[in-house]
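This report sets out the architecture of one protein model, from its strands to its interior. Please consult the sequence and the coordinates alongside the text.

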Amino acid sequence: MAKFNSKNRGYSLIEIIIYIGIFALISVVVVNSFIHSVSASKTAFAKRNLLETGNSAMERMTREIRLADTIIDANSVFDTGSGILEISSVPPTGGTRVIKFKIDSGVVNMYEGGTLYGSVSGSQAVVSTLIFRKITTAGGKAIKIEMTVTDSLGYTSNFYNTVGLRGVY
């Protein structure tokens, strides 16, 4: 009888199939985890841009409305999805400062003295509705702002604020 040498034996077909199966299973888990991580990161980035767009636009409009003395009703459009707000103030240096907020192609633009000053909402997300509501009380005037912002992945968020003009608070 011939002696069997265990050093030259190698791997059997069953062992190779088991190793390949284990490797494939681990590879699927790792790739799936990576895909999920990339997807979650993309979603978080889109939601962050959505919030940044809404917050920056709302913050700038709020600041300008608080500094305003009067609302120019003739040039403002209230209670519609594509609202326009024109306000004026008298800065300490004198003269009159006229500011207008208007939605143009999904971006909230600010005009100063009739000239485009720039976007207050950025270009990372689309502002689909911008509604201004005028509130008049015995104590003064205020503006309620309602804004809907949609990001590139289709997430939508609503932003609301009510701001009193100078001298109301």
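The sections below treat the sheets, the helix, the core, one arginine and the internal space.

## Nature of the model

The structure is a predicted model. Residue numbers count from 1 along each chain as its sequence is written.

## The three-stranded sheet

Three strands, in the order β6-β7-β8, make up an open sheet with antiparallel pairing. The edges are taken by β6 (126–137) and β8 (156–164); each has a single partner strand, so one side of each is left without a neighbour in the sheet. From one strand to the next, the twist averages 15°. Strands of a sheet pair through backbone hydrogen bonds, either parallel or antiparallel.

The antiparallel pairing of β6 with β7 extends over 11 bridges. These two strands form a hairpin, with 2 residues between them. Within this pairing, K134 has I143 of β7 as its bridge partner.

On the other side of the sheet order, β7 (residues 140–150) pairs with β8 in the antiparallel sense over 9 bridges. Several residue pairs mark the register: A142 is opposite G164 in β8, K144 is opposite T162 in β8, and T150 has T156 of β8 as its bridge partner. A hairpin also links β7 and β8, here with 5 residues between the strands, and G154 in the turn has a positive phi of about 95°. As for exposure, β7 is mostly covered, since 8 of its 11 residues are buried.

## The five-stranded sheet

A further open sheet contains 5 strands in the order β1-β2-β3-β4-β5, and its pairing is antiparallel. Here β1 (70–71) and β5 (115–119) stand at the edges with a single partner strand each, so one side of each is left without a neighbour in the sheet.

The pairing of β4 with β5 is antiparallel and comprises 4 bridges. Within it, Y111 is matched with L116, its bridge partner in β5.

## Helix α1 and the sheets

Helix α1 spans residues 13–67 and lies across β6, β7 and β8. Relative to β8, the helix runs at about 15°. The helix also lies across β2, β3, β4 and β5, and its angle to β3 is about 150°. Helix α1 therefore has contacts with strands of the three-stranded sheet as well as with strands of the five-stranded one.

## The nonpolar core

The largest nonpolar core comprises 27 residues, and M61, F132, I143, I145 and M147 have the most contacts inside it. Two or more residues come from each of α1, β2 (84–89), β3 (97–104), β4 (107–112), β6, β7 and β8. The greatest contribution is that of α1, with 5 residues.

I143 illustrates how this core is connected. Leaving aside residues up to four places away in sequence, I143 touches I65, I71, F78, L85, F132, R133, K134, N161, T162, V163 and L165. One of these contacts, K134, is also the bridge partner of I143.

## A buried arginine in the helix

Is R60 buried or exposed? R60, which lies in helix α1, is buried: its relative accessible area is 18%, and the cut-off for a buried residue is under 20%.

The surroundings of R60 include charged, aromatic and aliphatic side chains. Apart from residues up to four places away in sequence, R60 touches R97, F101, M110, Y117 and V120.

## Internal space

Rolling a probe the size of a water molecule over the atoms shows where empty space is left. How many cavities of 30 Å³ or more does the structure hold? It holds 1 such cavity, and the space in the largest cavity is about 30 Å³.

The lining of the largest cavity consists of E64, L67, A68, I87, S88, S89, R97 and I99. At least two lining residues come from each of α1, β2 and β3, and β2 gives the most, with 3 residues. R97, listed in this lining, is also among the residues that R60 touches.

Methods:
Predicted model: local features only at pLDDT ≥ 70, side-chain atom pairs only at ≥ 80, totals over all residues. Heavy atoms only, no water. Pairing = 2+ DSSP bridges. Axes fitted to C-alpha atoms, helices over the stretch in contact; angles between N-to-C directions. Contact = heavy atoms within 4.5 Å. Core = buried A, V, L, I, M, F, W, Y, C linked by side-chain atoms within 4.5 Å. Buried < 20%, exposed > 50% of the residue type's maximum accessible area, 1.4 Å probe, protein only. 1 Å grid on protein atoms, 1.4 Å probe; cavity = no way out; pocket = protein on both sides within 12 Å on 5 of 7 lines; lining within 4 Å. Points joined across faces, edges and corners; volume = space filled by probe spheres on them.
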